[in-house]
Amino acid sequence: MMAPDDPRHGTHRGYVVGCRDECCTSAHTRYMKLYRMGRRNRLISPVGTIRRLEALQCLGWTMQEVAHRCGFMHEWAYNLKRADRVTSRTAARVAAVYDELSMRLPPERTQAEKAAATKARRRAEVGGYAPPLAWNNIDDPAERARGARGTRD
């Protein structure tokens, strides 16, 4: 048992040294939850992730195709663009797909593919999105796209 006036009482450290009172146990539980979240899948700013999605749209990639390549349903991309935080895993998936597609145009062999790419480009133009080469550091919230008119950032 730990003395109630011990400064470690009611903390994760108190639990580590052997106190199993409710206050130390709940402090330990909170600590471990935050530790696991930070180590595995923390929440981060969505700025770079959203910019990557928008840049791919400028090239003609549809959100449905990007979401599919990320392993998500297509509604995910639209919901993500409204998020105030994204998980680090989601950001990493989008970054990997972006790295793969950012210097390629989408296939436009069929009429449906052409129409989808045109629609994506039109949405990007209306939204004022910046293409991939407009960014030096796409993750920097303070950076503004170079040479892109009417960007919403």
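Start by selecting Glu108 and Arg121: their side chains meet in a salt bridge, with N to O at 2.8 Å. Glu108 sits in the loop between H6 and H7 while Arg121 belongs to helix H7, so this pair ties together parts that are 13 residues apart in sequence. Colour by accessibility if you like. Glu108 comes out partly exposed, with a relative accessible area of 28%, and Arg121 is partly exposed too, at 26%.

Keep in mind that what you have open is a predicted model, so colour by pLDDT before moving on. The chain mean is 88, and 90% of the residues reach 70 or more. Among the elements of the chain, H7 has the highest mean pLDDT at 97, and helix H2 (residues 22-40) has the lowest at 75. Where pLDDT is low, the predicted coordinates should not be read in detail.

**More charged pairs**

How many salt bridges are there to find? The count comes to seven. Next stop: select Asp139 and Arg52, another salt bridge, at 2.7 Å from N to O. Asp139 lies in the segment after helix H7 (111-127) and Arg52 lies in helix H3, so the two tie together parts that are 87 residues apart in sequence. Is each partner buried or exposed? Asp139 counts as partly exposed, at 42% relative accessibility, whereas Arg52 counts as buried, at 11%.

Now go to helix H4 and pick Arg69 and Glu65. Their side chains form a salt bridge of 2.6 Å, N to O. The two are four residues apart in H4, so about one helical turn separates them. Arg69 is partly exposed, with a relative accessible area of 31%, and Glu65 counts as partly exposed at 26%. Then add Glu100 and Arg104 to the selection: with Glu65 and Arg69 they are linked in a network of salt bridges.

**Into the core**

Hide the charged side chains and look at the largest nonpolar core, which has 23 residues. Which members touch the most others? Select Leu53, Leu56, Trp61, Val66, Cys70 and Trp76. The elements that give two or more residues to this core are helix H3 (47-59), helix H4 (63-70), helix H5 (75-80) and helix H6 (88-101). Of these, H6 gives the most, with five residues.

Centre on Leu56 and show what is around it. Not counting residues up to four places away in sequence, Leu56 touches Trp61, Val66, Tyr98, Leu101 and Ser102. Two of those names, Trp61 and Val66, should be familiar from the selection you just made.

**Last stop: Val86**

Finish by selecting Val86, which you will find in strand E2 (residues 86-87). Is Val86 buried or exposed? Val86 counts as buried, with 3% relative accessibility. What is it in contact with, leaving aside neighbours within four places in sequence? Val86 is in contact with Arg42, Leu43, Ile44, Ser45, Pro46, Thr49, Leu80 and Ala91.

For one final distance, draw a line from the C-alpha of Val86 to the C-alpha of Val16: the two residues are 32 Å apart in space and 70 residues apart in sequence.

How values were computed:
Residues are numbered from 1 along each chain as its sequence is written. This is a predicted model: local features need pLDDT of at least 70, side-chain atom pairs count only at pLDDT 80 or more; totals for chains, interfaces and linings use all residues. Side-chain values use heavy atoms; hydrogens and water are left out. A nonpolar core is a set of buried Ala, Val, Leu, Ile, Met, Phe, Trp, Tyr and Cys residues joined through side-chain atoms within 4.5 Å. Buried means under 20% relative accessible area, exposed over 50%, partly exposed in between (1.4 Å probe, protein chains only). Contact means heavy atoms within 4.5 Å. A salt bridge is a side-chain nitrogen of Lys or Arg within 4 Å of a carboxyl oxygen of Asp or Glu. pLDDT is the predictor's confidence in each residue, from 0 to 100.
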